[in-house]
Amino acid sequence: METIFLLWLVINVIGSLMMIIDKYNAIHKKKRISEKTLLLSCLAMGAIGGATGMLVFHHKTRKRKFQILVPIML
């Protein structure tokens, strides 16, 4: 049970970090993480981390695709 929780926690941290990195890259005009990759990371059990990254860092919050799909994945 602890292993499953730890795995879930790591996946959500990675999902949140991906949002943070993509936001940083967007601000600094660097290579971005694709929307498909961000959504797939949320789908792979990282929806809480992805949603947290979206809300805390205001990233992808205006994209209709993210407004609809991330809450569904939660």
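Which residues does K60 touch, not counting residues up to four places away in sequence? In this predicted model, the residues that K60 touches on that basis are D22, R32, E35, L38, M54 and F66.

**The surroundings of K60**

K60 lies in the loop between helix 2 and helix 3, and with a relative accessible area of 13% it counts as buried, because the cut-off for that class is under 20%. The side chain of K60 is joined to that of E35 by a polar contact of 3.3 Å. M54, which is one of the residues touched by K60, in turn touches M19, H59, K60, T61, F66 and V70, again leaving out residues up to four places away in sequence.

**The nonpolar core**

Nonpolar side chains tend to be buried together in soluble globular proteins. Here the largest nonpolar core consists of 9 residues, namely M18, M19, L38, L39, C42, A51, M54, F66 and V70. At least two residues of this core are supplied by each of helix 1 (2–27), helix 2 (35–57) and helix 3 (64–73), and the largest share, 5 residues, is that of helix 2. Within this set, M54 touches M19, F66 and V70, which are among the contacts listed for that residue above.

**Helix 2**

Helix 2 has a kink of about 130°, centred on G46. Whereas a straight helix of 23 residues would span 33 Å at 1.5 Å a residue, the end C-alpha atoms of helix 2 are only 16 Å apart. G46 itself is among the buried residues of helix 2, which also include L38, L39, S41, C42, A47, G49, G50, A51, G53 and M54. The cover over these buried residues includes helix 1 and helix 3.

**Positive phi values**

Three residues with a positive phi are set out below, each with its place in the chain.

| Residue | Phi | Place |
|---|---|---|
| K29 | about 55° | loop between helix 1 and helix 2 |
| H58 | near 50° | following helix 2 |
| K60 | near 65° | loop between helix 2 and helix 3 |

K29 and K60 each take a positive phi although neither residue is a glycine. Are K29 and K60 buried or exposed? K29 counts as exposed because its relative accessibility, 76%, falls in the class defined as over 50%, whereas K60, at 13% relative accessible area, is buried.

Key
Residues numbered from 1 in each chain as written. Predicted model: local features only at pLDDT ≥ 70, side-chain atom pairs only at ≥ 80, totals over all residues. Heavy atoms only, no water. Core = buried A, V, L, I, M, F, W, Y, C linked by side-chain atoms within 4.5 Å. Buried < 20%, exposed > 50% of the residue type's maximum accessible area, 1.4 Å probe, protein only. Helix = DSSP H or I, 4+ residues; strand = E, 2+ residues; numbered from the N terminus. Contact = heavy atoms within 4.5 Å. Polar contact = N/O pair within 3.5 Å; in protein donor to acceptor, adjacent residues only side chain to side chain. Expected span 1.5 Å × (residues − 1). Bend = angle between axes of the 7 residues up to and from the residue.
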